[in-house]
Amino acid sequence: MIFSLAFDPLLPIPVIAIAGAGLIAVAGYSVIKRSRGAVLRSAASLALVAGLLNPVLQAEDRAPLKSTVAIVIDKSQSQSFGERTKQTDAALAGLKERLARFRDFDVRIVSAGEATDDGAQASTRIVEAVNNAFADIPPSRVGGAIVITDGQAHDVPADPAKAFGFSAPVHVLLTGKDGEKDRVVRLIESPKFGITGKPLRFSYRVDDDGAAQGTPVKLTVSLNGERMSEETAVAGQVAELDIEIKRAGKNILEITAEPLDGEVSRSNNSAVATIDGIRENLRVLLVSGEPHAGERTWRNLLKSDGAVDLVHFTILRPPEKQDGTPINELSLIAFPTRELFVDKINDFDLIIFDRYQHRDVLPIIYYDYIAKYVEEGGALLIAAGPEFAGTASIAETPLEPALAALPDGGVTEQAFFPRLTDDGKRHPVTRGLEGSTAEPPAWGRWFRIIDVQNPEGNIVMKGPDDKPLLILDRKGKGRVGMLLSDQGWLWARGFEGGGPDVALYRRIAHWLMAEPELEEEALNAVSSGNTIDIVRQSMAKETGDAQIISPSGATSTIKLTETEPGLFRGKLKTPEIGLFQIANGELSTLVHAGPLDAPEFKSIISTDTVLKPLAQATKGSIRRLATASDSIALPDIVPVTRAGESFGANWIGLRKTDETELLGINRLPLLGGLIGLALLLSAIAATWWREGR
């Protein structure tokens, strides 16, 4: 009980003040004049004023409030090394048991550094976790915090005294062992983009945390899972490395150091960089036969593609049309056949023959050069017209082995809708072409198709009577495409609503030039935070499960489900940060989950260096849990006042609050009711009696 005197005026204070002033003035005048009964009159006046003020004796019934104590558990990935998780669990259980003995504390348990789906908690934010635990608690009711961690925190401010908005001790209990050591590879400079075929320079450093620097370290350099070289670096010194990016698209560089004897973990012995490979402008040689209605279709498309350098020749003056006009008087230029098909043929990423026929413009041996060019990795596209079925067909030359189909001499001329085959619905070149899902397709008709026999590869589009219209095939290391109609220009001109000629022609050209996103058999993985999306492109109806190897070495499988023709997908959510290996059949890929430069892996040894200033600034303590015998040395809990010490050799203190909770109020009027009336009447009666004598 807490007693106090309060006033509950019966009239407004200004009224009481005016009345009291008048009564006191009269009483004072009486005293000065020494009137009979002046003292009693003054007492009666004061009693009247006191009665109007209505004094009340107030008794408050209060109960003491509890102090709020936070136990912060570090759940970052570095806490999984060694015996740290076991030590954390044992310490938490012991603290719960000790704190349960006291009625003075309200205990809250919060986590720090726990991974989320978006990877936002890739660092250990101890200060943030403590402040969040007390966000709804007045500073006067904060009893303190106990943090169980390996000592690696990434949000300690430069001035630890300003870290918290309360005045209570923060105690740190360290997991791990004293004197730990660890080897870590850190990237210093890492380009994000690189041109394929040209070297990129990287710089890195190997650090032996907790051990002597300056020792030589052997490293392995891998690109996209393939070992590139072995290097030697000196621990603590920056080293440089030149890497040549071989393919367009995403490339993953991994620099792995040999283990350090007795190190805490090998999880950060590798540094990973993701580089987007960019191909220099693709070089295309387009050779057109005699002029025709769709001659400029391929030219316009390729000229509009900023990624393509086009060299285009049209044969306007074949040998049989020689008329004796001197060359220097012609406005035409001679076809530089030797320069194109002998000296510089390997400089081209794609050769297109657009309605071209053999008319002795190219020496017969040059077709053999083109066939070898394809066999060794080049790309060839035949955009065929009626001449492909004639006696001057290029199929009658040494180019024949490089072709995906041979003409049978026939040409079908009738109206038809180009349609996708079953393979075409799965192939990335033709899958999802606008208008392809309708029946008939929502595009214009064509009117001519070249008949072929013995087609090889994938027939992705068909004409009337299921005749092959578009064939895509691989020859040796190279690729061949055959578009068996010269009617594509009808789509470009908008005939019967036109069609997706730009998308189709561009995809054909880029597939032939081996663009990664158009591979018909591919395995890709993309990470977003701690979620990995796996995409398998395949012409097969089933692909089976994907095999996963995590950074820790754990293996698992993910079911791949077909979401649309030719595309199989799977999703993996993981708390681990690092490089994952994913395989399906003969295909494999790498993907890095979480931030590439996660603070959590920059240093993982258990240390008191980071959090010691924070503990000292709050008058808390920092001590290690593990003992020499690997047992847990958990300190006792002692409630302390705000003025007392907050830790000792084997104990830690938590503040008790002075705050109380109001349960009820009892009020007793001192001059109210019969008591006040009796006192007032007695004073007035005594005044009358004294004045009447």
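# A guided tour of the predicted model

Of the 693 residues of the protein, 47% count as buried, where buried means under 20% relative accessible area, exposed over 50% and partly exposed in between, with a 1.4 Å probe and protein chains only. This is a predicted model, in which local features need pLDDT of at least 70 and side-chain atom pairs count only at pLDDT 80 or more, while totals for chains, interfaces and linings use all residues. Residues are numbered from 1 along each chain as its sequence is written, and side-chain values use heavy atoms, with hydrogens and water left out.

Begin with a cartoon view of the whole protein, whose secondary structure comes to 12 helices and 36 strands; helices (H or I, at least four residues) and strands (E, at least two) are DSSP runs, numbered from the N terminus. Among contacts between residues at least 6 apart in sequence, 73% join residues at least 24 apart, a contact being heavy atoms within 4.5 Å.

**Helix H3**

Select residues 84–99, which form helix H3, with 16 residues and a reach of 22 Å from the first C-alpha to the last, close to the 22 Å expected at 1.5 Å a residue; the expected span is 1.5 Å times one less than the number of residues. Its buried residues include Arg84, Gln87 and Arg98, and what covers the buried residues of H3 includes strand E3 (67–74), strand E4 (105–112) and strand E34 (636–640).

**Strands E8, E13 and E14**

Next select strand E14 (residues 270–278), which is joined by 3 bridges to strand E8 (residues 193–195), the two running parallel; two strands pair if DSSP finds at least two bridges between them. Ile195 stands opposite Ile278 in E14. Strand E13 (residues 249–257) pairs with E14 in the antiparallel sense over 8 bridges, and here Gly249 has Gly277 in E14 as its bridge partner.

**The sheet of 8 strands**

Now bring up the open sheet of 8 strands, in the order E16-E15-E17-E18-E24-E23-E22-E20 and with mixed pairing. Its edge strands, each pairing on one side only, are E16 (308–314) and E20 (419–420). Strand E18 (residues 379–383) and strand E24 (residues 478–483) run parallel and are joined by 5 bridges, with Leu380 opposite Val480 in E24.

Add helix H7 (residues 364–375), which lies across E17, E18, E23 and E24 and runs at about 115° to E24, and then helix H10 (residues 501–512), which lies across strands including E15, E22 and E24 and runs at about 155° to E24. The axes are lines fitted to C-alpha atoms, for helices over the stretch in contact, and the angles run from 0 to 180 degrees between N-to-C directions.

**Two nonpolar cores**

Show side chains for Phe353 and Phe388, which have the most contacts inside the largest nonpolar core, a set of 37 residues; such a core consists of buried Ala, Val, Leu, Ile, Met, Phe, Trp, Tyr and Cys residues joined through side-chain atoms within 4.5 Å. The largest share of this core, 6 residues, comes from H7. Leaving aside neighbours within four places in sequence, Phe388 is in contact with residues including Ile382, Leu403, Val452 and Met482. A second, separate core of 36 residues includes Ala383, Phe416, Trp491 and Trp511.

**Asp473**

Finish at Asp473, which has its place in strand E23 and is buried, with a relative accessible area of 10%. Leaving aside neighbours within four places in sequence, its contacts are Ala404, Glu456, Gly457, Arg479, Val480 and Trp511. The C-alpha atoms of Asp473 and Leu403, 70 residues apart along the chain, are separated by 8.6 Å.
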